[in-house]
Amino acid sequence: SSGLNKLAKTAGKLYLGTATDNNELTDAAYTAILDDNSQFGQITPANSMKWDATEPTRGTFTFSGGDQIANLAKTNGMLLRGHNCVWYNQLPSWVANGQFTAADLTTVIQTHCSTLVSHYKGQVYDKKTLGTSSTVSEPFNDDGTWRSDVFYNTLGTSYVPIALKAARAADPNAKLYINDYNIEQTGAKATAMLNLVKQLIADGVPIDGVGFQCHFIVGEVPGSFQTVLEQFTALGLEVAITELDIRTTTPASQSALAQQEKDYQSVIQACMNVKGCVGATLWDFTDKYSWVPSTFSGQGAACPWDQNLVKKPAYTGIVNALSA
Ligand code: G3I
């Protein structure tokens, strides 16, 4: 039978991929699915390339967790998307408000992005398609204003070009993305992202793509998703679905699982319909390891494989979109 990645590639996409995490790799039933590159042609580390994991103390870099995922990608012939250089969350305690002047923080960002991206330079089977899925992650609040984090508070919007330029210098072949959630529908936040990337392009700042996280709710997939994707590709950028899951109240009813099948299909179909959408990444493929229940109490069942690693109707929804 044809796996998801095989179908995606046959349909002209670069990959269908998944997030994974280091602690999951000892689960043999899980890795038997993960390691099948007809199923997944791309992986993203859910945690181990983040700032707290890679530079826990200033100037001291630890890449063992990230390397394990990068090596897995290489062994399995999969693309690797990095995740991430600059994000307000999962920062080590030394990267905090009030700790730095603007000049200091500029150096801190440059050192972090440059060391991280150059460490993974050429770590995948095809250098040209190494994606840093999120050189910059989640810069905006839901109303389209800038998120008040250590980066924005200290440097204003300039932290974005600082990070992107450092990443480009570290690996000219790496694809540089900005990644966010709730930008999948027309509205203030998508407009803010459009305006940001237009400004970056006008200023000659390196930017290759925008990642749409797509942490959706069953029955609430935005109808304007494809339109938004097209607004970004019209600027000459590529787009990708970087963190897809579609959650519901647990335990999931049969009707919710049936709606979830339609929802997965419509999300993947939007990517299929947009030439510049390079691929989609599940934010892990199984409910066994989904982040959702620990963040949204009473919700979950968000992935195409269930707790027992059995395919759900959602899997068929993805297959239907990829084979249409
Ligand atoms: O590393 C510690 C471990 O030492 C400790 O024993 C354990 C006990 O709770 O916690 C571990 O840290 C957890 C970490 O995942 C690694 O497992 C954190 O508590 C937990 O909060 C963290 O969750 C991650 C979350 O980002 C944090 O915001 C999820 O796994 C990860 O899937 C999720 O991914 C994010 C993307 O990076 C950005 N977009 C949103 C997406 C979903 O939140």
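This is a dialogue in which a visitor learns to read the features of one predicted protein model.

Visitor: Where should I begin, and how many helices and strands does the protein have?

Guide: Begin with the whole before the parts, remembering that this is a predicted model. The secondary structure comes to twelve helices and ten strands. The radius of gyration of the protein is 19 Å, close to the 20 Å that the globule rule gives for 324 residues, so the protein is as compact as a globular protein of that length. Taken along the principal axes, the C-alpha atoms fill a box of roughly 55 × 40 × 40 Å.

Visitor: What share of the residues is buried, and how far apart in sequence are the residues that meet?

Guide: Buried residues make up 48% of the 324 residues. If we take the contacts between residues at least 6 apart in sequence, 79% of them join residues at least 24 apart.

Visitor: How do I read a single helix, for instance helix 10, and what length does it reach?

Guide: The general idea is that an α-helix has 3.6 residues a turn, so residues three or four places apart point the same way. Helix 10 covers residues 254-273, which makes 20 residues, and from its first C-alpha to its last it reaches 29 Å, close to the 28 Å expected at 1.5 Å a residue.

Visitor: Which residues of helix 10 are buried, and what do they pack against?

Guide: The buried residues of helix 10 include A256, Q259, Q260, D263, Y264, V267 and I268; further along the helix, A270, C271 and M272 are also among them. The partners of these buried residues are strand 7 (215-217), helix 9 (225-233), strand 8 (238-249), strand 9 (277-282) and helix 12 (313-323).

Visitor: Which residues surround the ligand, and of what kinds are they?

Guide: Around the ligand stand A46, N47, N89, Q90, S137, Q213, E243 and W291. By kind, this shell divides into two nonpolar residues, five polar and one charged.

Visitor: Where does E243 lie, and is E243 buried or exposed?

Guide: E243 lies in strand 8, and the UniProt annotation "active site", from an unreviewed entry, covers E243. E243 is buried because 25 other C-beta atoms lie within 10 Å, where 20 or more are needed for a residue to count as buried. Not counting residues up to four places away in sequence, E243 touches A19, Q213, C214, H215, T281 and W283, and Q213 also belongs to the shell around the ligand.

Visitor: What should I look for in the backbone angles?

Guide: Most residues other than glycine have a negative phi, and most peptide bonds are trans. One case to look at is C214, whose phi is near 65°, a positive value in a residue other than glycine. C214 is found in the loop between strand 6 (209-212) and strand 7, and C214 is buried, with 27 other C-beta atoms within 10 Å. Another case is N182, with a positive phi near 60°, which is found in the loop between strand 5 (175-180) and helix 8 (188-202). N182 is buried as well, with 21 other C-beta atoms within 10 Å.

Visitor: Which residues does a cis peptide bond join?

Guide: A cis peptide bond joins H83 and N84, with omega about 0°, and N84 lies in strand 3 (residues 79-86). A cis peptide bond also joins T250 and P251, with omega about -5°, and P251 is found in the loop between strand 8 and helix 10.

Visitor: How many other C-beta atoms lie within 10 Å of T54, and how many within 10 Å of K311?

Guide: T54, in helix 3 (residues 51-54), is buried, with 21 other C-beta atoms within 10 Å. Leaving aside its neighbours within four places in sequence, T54 is in contact with M49, F61, T62, F63, G66 and L116. K311 lies in the loop between strand 10 (299-300) and helix 12, and K311 is partly exposed, with 15 other C-beta atoms within 10 Å. Not counting residues up to four places away in sequence, K311 touches P304 and W305.

Visitor: What distance separates the C-alpha atoms of K311 and T286?

Guide: These C-alpha atoms are separated by 8.6 Å, while K311 and T286 are 25 residues apart along the chain. T54 and T115 can be read in this way too, being 61 residues apart in sequence and 9.7 Å apart in space, C-alpha to C-alpha.

Conventions: Residues numbered from 1 in each chain as written. Predicted model: local features only at pLDDT ≥ 70, side-chain atom pairs only at ≥ 80, totals over all residues. Helix = DSSP H or I, 4+ residues; strand = E, 2+ residues; numbered from the N terminus. Expected span 1.5 Å × (residues − 1). Buried ≥ 20, exposed ≤ 12 C-beta atoms within 10 Å, placed from the backbone. Contact = placed C-beta atoms within 7 Å. Near = placed C-beta within 6 Å. Nonpolar A, V, L, I, M, F, W, Y, C, P; charged D, E, K, R; others polar. UniProt positions renumbered as here; feature names shortened; annotations may be inferred. Rg over C-alpha atoms; globule rule 2.2 N^0.38 Å.
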